[in-house]
Amino acid sequence: MPNITEIKPNVFYVGINDRTKHCFEGLWPLPLGVSYNSYIVKGEKIALIDTVDACYTEQYLTEIKSIIGNLPIDYLIVNHMEPDHSASIRSIKQHYPDINIVGNNKTIGMIEGFYGLCDGFKEIKEGDTLSLGNNKTMRFYMTPMVHWPETMMSYLIEEKTLFTGDAFGCFGTLDGGIIDSEMNTDRYWDEMYRYYSNIVGKYGASVQAALKKLKDVDIQMICSTHGPVWTREIQKVVSIYDKLSRYEGENGVVIAYGSMYGNTEQMAEQIARRLASNGVRNIIMHNMTKSDVSYVLRDIFKYKGLIIGSPTYSNELFPNVESLISKIENRGIKNRIFGFFGSFTWAGAAVKRLTEFATRMNWEVTGNPVEMKQGISQPKITECCSMADAIAAKLKE
């Protein structure tokens with residue numbers, strides 16, 4: 001018998017845990033797995049809110065029937081159309097042919113495009129409400145580009161519960177508890193940073209617009225499509241999303257570097273030690289040959305200092321460093337205290353490429369970039385230390 005979880009009176013969790021998938025979106029590692037969260041609201045009519053990944057449809061249908069039995073579902077509310085949440089729509093429609101699919105104009109167009117469904121829609125707009133009877137009323141807020149153009153949020157007025165799509169979500173399965181008060185949430189915070197920086201990070205302005213729209217809404221429960229249902233930790237969750245979407249880093253420095261034979265790495269080590277001697281306590285080092293970029297991006301979003309190092313490789317940056325800066329640019333990360341260094345054997349290009357990158361990002365470079373020919377020497381150690389001193393001083397301002 002599947003577990004029935006009633007998170008509010010006549011509001012039920014019917015999500016699924018995925019402990020099998022290696023990479024989210026085929027890109028981001030899932031060492032702690034991921035949950036696909038869906039919900040049922042029962043009034044005189046029944047609403048299902050979002051669905052789950054297609055590979056779990058049969059299990060999902062069993063979860064639904066364990067709560068409503070053979071009753072019909074009147075509405076499917078679609079807050080977000082990414083396939084990890086929408087891919088069971090066609091199966092839901094087949095099992096509940098009279099269901100009304102509730103979404104905005106962009107949602108409906110995507111359902112037609114993805115799943116070939118052309119009728120049975122109820123289009124809603126900003127501020128519209130939908131009564132389910134028995135003191136259950138949904139109000140809808142459009143939150144475009146958090147993080148797709150059709151995204152919206154649904155607010156159960158009487159229960160002060162906000163169904164947020166991917167917003168306020170994080171990686172990690174739900175291992176027993178569903179609501180944050182039922183669990184130790186420590187494991188989710190770094191995964192929330194990693195989730196935001198990799199999935200939502202490009203859309204800081206849109207997240208800020210959504211937060212502004214919702215600032216006067218009385219929210220006592222947040223039901224995201226990934227991760228715990230938030231009640232006790234709502235203030236912390238919202239503050240994390242607010243800070244990250246403002247690109248406000250904590251005090252600390254990320255050193256991300258490539259190194260083929262260890263020479264560039266020696267420069268990174270000298271810089272890190274000098275930062276520590278200046279009192280910088282949060283120093284996170286990533287060798288881009290080994291570190292998965294999702295963790296590097298997480299830390300770059302988290303901390304305000306960033307130092308990138310690279311050898312010259314075929315007159316360009318080391319490929320993994322090139323990939324990193326491309327992802328940083330894509331996310332439009334702002335307001336970083338930035339320094340960089342590079343090495344070469346016969347013709348230098350890394351420092352030039354990183355200078356161009358800083359210009360494109362409109363970042364002020366702190367300290368003088370260091371360019372090293374071949375192996376480490378005392379003059380180059382001195383230059384590395386001088387750059388570290390400048391960055392440490394800037395962090396203290």
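**Two helices and an open sheet**

Modeller: In this predicted model, α9 and α10 are oblique to each other, a class left for angles that are not under 35 degrees (roughly parallel), over 145 (roughly antiparallel) or 65 to 115 (roughly perpendicular). Residues are numbered from 1 along each chain as its sequence is written. Local features need pLDDT of at least 70, side-chain atom pairs count only at pLDDT 80 or more, totals for chains, interfaces and linings use all residues, and side-chain values use heavy atoms, without hydrogens and water.

Biologist: At roughly what angle do the axes of α9 and α10 cross?

Modeller: Helix α9 covers residues 293–302 and helix α10 covers residues 319–331, helices being DSSP runs (H or I, at least four residues; strands are E, at least two). Their axes, lines fitted to C-alpha atoms over the stretch in contact, with angles from 0 to 180 degrees between N-to-C directions, come within 11 Å and cross at roughly 50°.

Biologist: Which residues of α10 make the contact with α9?

Modeller: Contact means heavy atoms within 4.5 Å. From α9 come Val293, Val296, Leu297, Ile300 and Phe301. Facing these, α10 contributes Leu324, Lys327, Ile328 and Arg331.

Biologist: Which strands are the edges of the open sheet?

Modeller: The seven strands follow the order β1-β2-β7-β8-β9-β10-β11 with mixed pairing, where two strands pair if DSSP finds at least two bridges between them. Pairing on one side only marks the edge strands, β1 (5–8) and β11 (121–123).

Biologist: What is the bridge partner of Phe12 in β7?

Modeller: Strands β2 (residues 11–13) and β7 (residues 39–42) run antiparallel and are joined by three bridges. In β7, Phe12 has as its bridge partner Ile40.
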